[in-house]
Amino acid sequence: MLLSVLAAIVGTAIVLLMDWFPVDAARRVGQIDTLYDVLLIFSVPIFVLVMSVAIYSVIKFRARPGDLGDGAPIHGNTRLEIFWVTIPFLVVSGLAVYGWIVLDNIEAKQPDQMVVKVTGQQFTWSFEYPKERVKSSQLVLPKDKPVEFRLNTKDVIHSFWVPEFRLKSDVVPGMTTKVRLTPNRVGRWNVVCAELCGLGHATMRQVVQVMEPSAFRSWVKRHASGGQQAAGGSNGPTADGKPVFAANGCGSCHTFKPAGSTATVGPDLDQLKSVAAKRRPGKSARAYVRESITDPRAFTVKGFPKNVMPTTFKKDIAPEQLDALVQYLLGGGKSK
Ligand code: CUA
């Protein structure tokens with residue numbers, strides 16, 4: 001018992017000395033870090049104590065060669081059982097209430113909040129600012145402005161997480177989940193997906209850029225009209241394929257030099273022109289590329305797993321944008 005207690009003290013000291021957290025970039029993040037430390041203080045000593053007693057017992061009381069008899073019969077100990085049920089019950093309940101209070105406090109609705117709609121899909125994030133009329137593949141936020149993220153997914157479950165903001169939420173098909181926070185540090189962090197969502201899960205990360213409010217306002221001004229265009233309208237001017245490629249996250253799975261992407265989940269699109277004809281004899285390259293986007297299950301390039309490419313593009317990409325995208329891909333990055 002003495003050794004176990006010593007081990008528990010040493011173990012707790014070690015985990016408290018470890019640096020668990022990245023830089024904090026949102027208001028009241030300190031409360032979450034404190035909560036995490038309190039969880040460690042309660043859980044690590046109990047874990048080390050139980051494990052050291054268990055390991056000691058396994059070694060000390062193990063069956064030895066020729067030792068065939070049963071152990072001594074033990075019929076329980078009521079006092080001990082009440083003790084080891086009640087204490088953990090109180091500890092776990094107390095921590096649950098504490099965690100609930102902290103989260104409720106941090107996620108309280110703010111009157112002047114800005115809304116950002118976040119859409120997850122295999123394997124990218126896209127962002128929409130309804131009031132500012134901006135659609136973007138990059139998350140940009142003003143410093144010190146409360147934000148409410150409304151999270152949706154086009155396909156499977158993803159999880160929206162910026163470690164520097166600490167808060168994280170699953171993004172679930174058929175419902176809108178929310179995360180509220182206030183960024184308070186200018187800088188660039190990663191938005192990552194924290195839920196295994198398919199082959200490209202590890203590539204599902206984008207940048208969140210927190211900037212001064214004035215810089216954010218000019219970013220909105222620069223992107224407000226571009227956002228409208230990217231939203232697509234079949235009557236608009238001839239669309240450019242590059243924003244379509246970016247907005248639909250093609251670069252998170254495919255290598256395509258003109259777009260600066262180097263991912264290898266799907267086929268290399270720099271080779272597209274030369275292989276298109278070979279893959280499907282009798283079909284034009286244009287028809288092949290179009291089919292591969294709108295009906296990716298129809299044909300899978302050899303050496304790549306089936307059923308990875310999302311089937312949502314057929315309804316998400318307007319006809320005009322699809323033409324522009326096909327042109328962009330076959331033209332090696334040129335729109336005309
Ligand atoms: Cu989306 Cu992992």
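Q: How much space lies in the largest cavity of this predicted model?
A: Let's start with how many there are to choose from: a search of the whole structure turns up one cavity of 30 Å³ or more. The model is a predicted one, and the space in its largest cavity comes to about 30 Å³.

Q: Which residues line the largest cavity, and how do they divide by class?
A: The lining is made up of Ala26, Arg27, Arg28, Val29, Ile32, Ile106, Phe165, Leu167, Leu181 and Thr182. Sorted by class, the lining of the largest cavity comes to seven nonpolar, one polar and two charged residues.

Q: How are α2 and α3 oriented to each other, roughly parallel or roughly antiparallel?
A: Helix α2 covers residues 29-60 and helix α3 residues 78-106, and their axes come within 10 Å. Those axes cross at roughly 170°. Angles over 145 degrees count as roughly antiparallel, and therefore α2 and α3 are roughly antiparallel to each other.

Q: Which residues meet where α2 contacts α3, and what classes do they belong to?
A: From α2 come Gln31, Ile32, Thr34, Leu35, Val38, Leu39 and Phe42, and they meet Val91, Leu95, Tyr98, Gly99, Val102, Asn105 and Ile106 in α3. By class, the residues of this contact of α2 with α3 are ten nonpolar, four polar and no charged.

Q: Which element gives the most residues to the lining of the second largest pocket?
A: About 670 Å³ of space lies in this pocket, and 40 residues line it, with His254, Pro267, Leu269, Ser292 and Met309 nearest its centre. The elements giving two or more residues to that lining are α6, α7 (285-294) and α9 (319-330). With four residues, the one that gives the most is α7.

Q: What is the make-up by class of the lining of the second largest pocket?
A: Recall that 40 residues line this pocket. They divide into 24 nonpolar, twelve polar and four charged residues.

Q: Where does pLDDT stay under 50?
A: For the protein chain, the mean pLDDT is 86, and 94% of the residues reach 70 or more. Among its elements, strand β6 (residues 158-161) has the highest mean, 96, and helix α6 (residues 272-279) the lowest, 72. Where pLDDT is low, the predicted coordinates should not be read in detail. That caution is worth keeping for the stretch where pLDDT stays under 50, which is residues 226-236.

Q: Which peptide bond is cis, and which residue that is not a glycine has a positive phi?
A: Most residues other than glycine have a negative phi, and most peptide bonds are trans. In the loop between β1 (114-121) and β2 (124-129) sits Phe123, while Arg133 is in the loop between β2 and β3 (134-136). With omega near 0°, the cis bond is the one from Gln122 to Phe123. The residue with a positive phi, about 55°, is Arg133.

Conventions
Residues are numbered from 1 along each chain as its sequence is written. This is a predicted model: local features need pLDDT of at least 70, side-chain atom pairs count only at pLDDT 80 or more; totals for chains, interfaces and linings use all residues. Side-chain values use heavy atoms; hydrogens and water are left out. Axes are lines fitted to C-alpha atoms, for helices over the stretch in contact, and angles run from 0 to 180 degrees between N-to-C directions. Angles under 35 degrees count as roughly parallel, over 145 as roughly antiparallel, 65 to 115 as roughly perpendicular and the rest as oblique. Contact means heavy atoms within 4.5 Å. Ala, Val, Leu, Ile, Met, Phe, Trp, Tyr, Cys and Pro count as nonpolar, Asp, Glu, Lys and Arg as charged, and the others, Gly among them, as polar. pLDDT is the predictor's confidence in each residue, from 0 to 100. On a 1 Å grid over the protein atoms alone, a cavity is a set of points where a 1.4 Å probe fits but cannot get out, and a pocket is an open set with protein on both sides within 12 Å along at least five of seven lines; lining residues have an atom within 4 Å of a point. Grid points are joined across faces, edges and corners, and a volume is the space filled by probe spheres set on the points.
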